[in-house]
Amino acid sequence: MMRIKTVNFIIAAFFIVFLVLPLCSMLHRITAEGFLSLVKMPQFKSAVKNTIVTSLTATAISVIIAFLAAWCLERTSIKFKSVFAMMFVLPMLIPSISHAFGLVSLFGANGFLTNIFKLKRSIYGFVGILAGSVMYSFPVAFLMFDGVLKYEDCTAYKAAEVLGIDAFHRFSAITVPYLKKTLISVFFAVFTMIVTDYGVPLMVGGKTVTLSVLMFNRAVSMIDYDSGSVIGAILLIPAVVAFLVDFFNKDNGQSSFITESAQLRGGPCLLPAYCYCILLCLCVLAPVVSFCFMFLETKYPVNREFTVSHVIRTINRGAGTYLLNSLIYAVLSAISGTVFAFCCSYLTARVKNTYSKILHLISITSMAIPGIVLGLSYVIFFHNTPVYSTAIIVVLANMIHFFSSPYLMMYNTLGKVNMNLESVGMILGVGRLRIVFDVIVPKVRCTLFEMFGYFFVNSMMTISAVAFLAPPSPKPVALMINQFEAQRLMESAAFVSLLILAVNLFMKGVIILLEKRDVLKAS
């Protein structure tokens, strides 16, 4: 028991040093004068308005698109579901700014579709931010809806159908209450993602400035940490509200086991479902395919002759070295993050005491911290320390930034493993560590693979936090996108985006193969 308390203390101290204190140091820089001077800026008022309008609109569209996509996969008998599911989450494998590149190549002044359809309206501004934000965020909403619909007990639907209740009332009386907590969680998760993202509005926002772009310009370009801290505190508000609503909203509709699986609809539902899924896949693929062609053009959009000079130039400017740096960052973040998240989830899910409840609360708190805010807080807190401008601080930031989702994956999985294993082991004289390594770890191996993949993929493509923290060398490859975009070298930026996508697709494939191999061994 003393060993468990020691581990609890070490983990709690880690969170205090690398999460709580950096945030406090950022908030401590906020002064009344600094706040008032920022609020009086005309650009600030327009940024607040633009942020609210674009985020609410994009969130509503993302939630609707994602729900329909999940419903098509889980409630109809269409084929190729695994292919559609993979396509729907493809946007999660590249930085948000890469989606903006795709939109520019399609709908820019000389974009492919602009020229074909003779479009006159520019993609820059509200429309561009809206389109890019929806592409960037809807995969997260899709995964959340898909996971809930997949495990819904449909006994109530059977009974309602027998009683002659029509489809609309079945949906309003059964589905909506069941999805209440999920809808709230999805809405706030997507809204928070869009509010705090600066990749899309930075690239296609034009004169429509959002709070995240204003913070990036102030804190990174102008090194004005005081103004950046004020905006960072404002960006924390929706994230904290989302966390509190999700935490206090008790879920009463998803507590039962599945006794009746969903009846998959066929017939008239198949054609609309196929059309919707194919159309959504085309919308996802179009920007990716477009910037595949972009990096092979001589000079976008002036000269579109085929060339590989941009590939050579990007490699000569260190893309290979930068990619190796990112792989090292991603592997270190994935290994350390997975081990740390497993230890935390084991202590909170399997060791029930006061410490575990506090630790659980701290563990899910990082979900409410935007990457751009975390990056700035790290710059302020760790400045002039030995870890500042080193690879260590980037790995630590990735661990904290992406911690909550893998933690919750393992927390939920460990809750389903027989809770009496440790007690039986104690009676038989088998230590807790032996039980963990010999019994529990083999049972949760698939979840460990998923956790590793989550840390790896996100560490490869993140820009928000590492834009503040990356040392002069070694820099991650994702930051080359910002560098090339600033120099208007769109072709090179597109090539870097494809490098990240290729690595992440390879990792996802490896994770899937490992999971299938583990399932086959278990059977």
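Helices here are DSSP runs of H or I with at least four residues, numbered from the N terminus. With that in hand, let's take a walk through this predicted model.

**Stop 1: the whole protein**

Start zoomed out, with everything shown as a cartoon. You should find 26 helices and two strands. Along the principal axes, the C-alpha atoms fill a box of roughly 70 × 65 × 45 Å. A compact globule of 523 residues would have a radius of gyration near 24 Å, and the protein has 24 Å, so the two agree. If you colour by accessibility, 50% of the 523 residues count as buried.

**Stop 2: the second largest pocket**

Next, select Ile4, Tyr346, Arg432, Leu433 and Val436. Of the 24 residues that line the second largest pocket, these lie nearest its centre. The space inside is about 680 Å³.

Which helices each supply at least two residues of this lining? Colour α1 (2-28), α16 (319-350), α21 (421-427) and α22 (432-443) to see them. Linger on α16, as its seven residues make up the largest share of the lining. Now try colouring the lining by residue class: 18 residues are nonpolar, three are polar and three are charged.

**Stop 3: helix α18**

Select residues 371-382, which form helix α18. Try the distance tool on the C-alpha atoms at its two ends: they are 16 Å apart. Twelve residues at 1.5 Å a residue should span 16 Å, so the helix has its expected length.

Is α18 mostly covered or mostly open? It is mostly covered, with eleven of its twelve residues buried. Among them are Gly371, Leu374, Tyr378 and Phe382. Then step just past the end of α18 to Asn384, which takes a positive phi of about 65°.

**Stop 4: the cysteines**

A disulfide is a covalent bond between the sulfur atoms of two cysteines. How many disulfides are counted in this model, with sulfur atoms required to be within 2.5 Å? The count comes to zero. Cys277 is in no disulfide, and the nearest cysteine sulfur, in Cys72, is 4.4 Å away. Cys277 counts as buried because its relative accessibility is 0%.

Finish at Cys283. The closest cysteine sulfur to that of Cys283 belongs to Cys281, and at 9.3 Å it is too far for a bond. Is Cys283 buried or partly exposed? With 43% relative accessibility, Cys283 counts as partly exposed.

Notes: Residues numbered from 1 in each chain as written. Predicted model: local features only at pLDDT ≥ 70, side-chain atom pairs only at ≥ 80, totals over all residues. Heavy atoms only, no water. Expected span 1.5 Å × (residues − 1). Buried < 20%, exposed > 50% of the residue type's maximum accessible area, 1.4 Å probe, protein only. 1 Å grid on protein atoms, 1.4 Å probe; cavity = no way out; pocket = protein on both sides within 12 Å on 5 of 7 lines; lining within 4 Å. Points joined across faces, edges and corners; volume = space filled by probe spheres on them. Nonpolar A, V, L, I, M, F, W, Y, C, P; charged D, E, K, R; others polar. Disulfide = S-S within 2.5 Å. Rg over C-alpha atoms; globule rule 2.2 N^0.38 Å.
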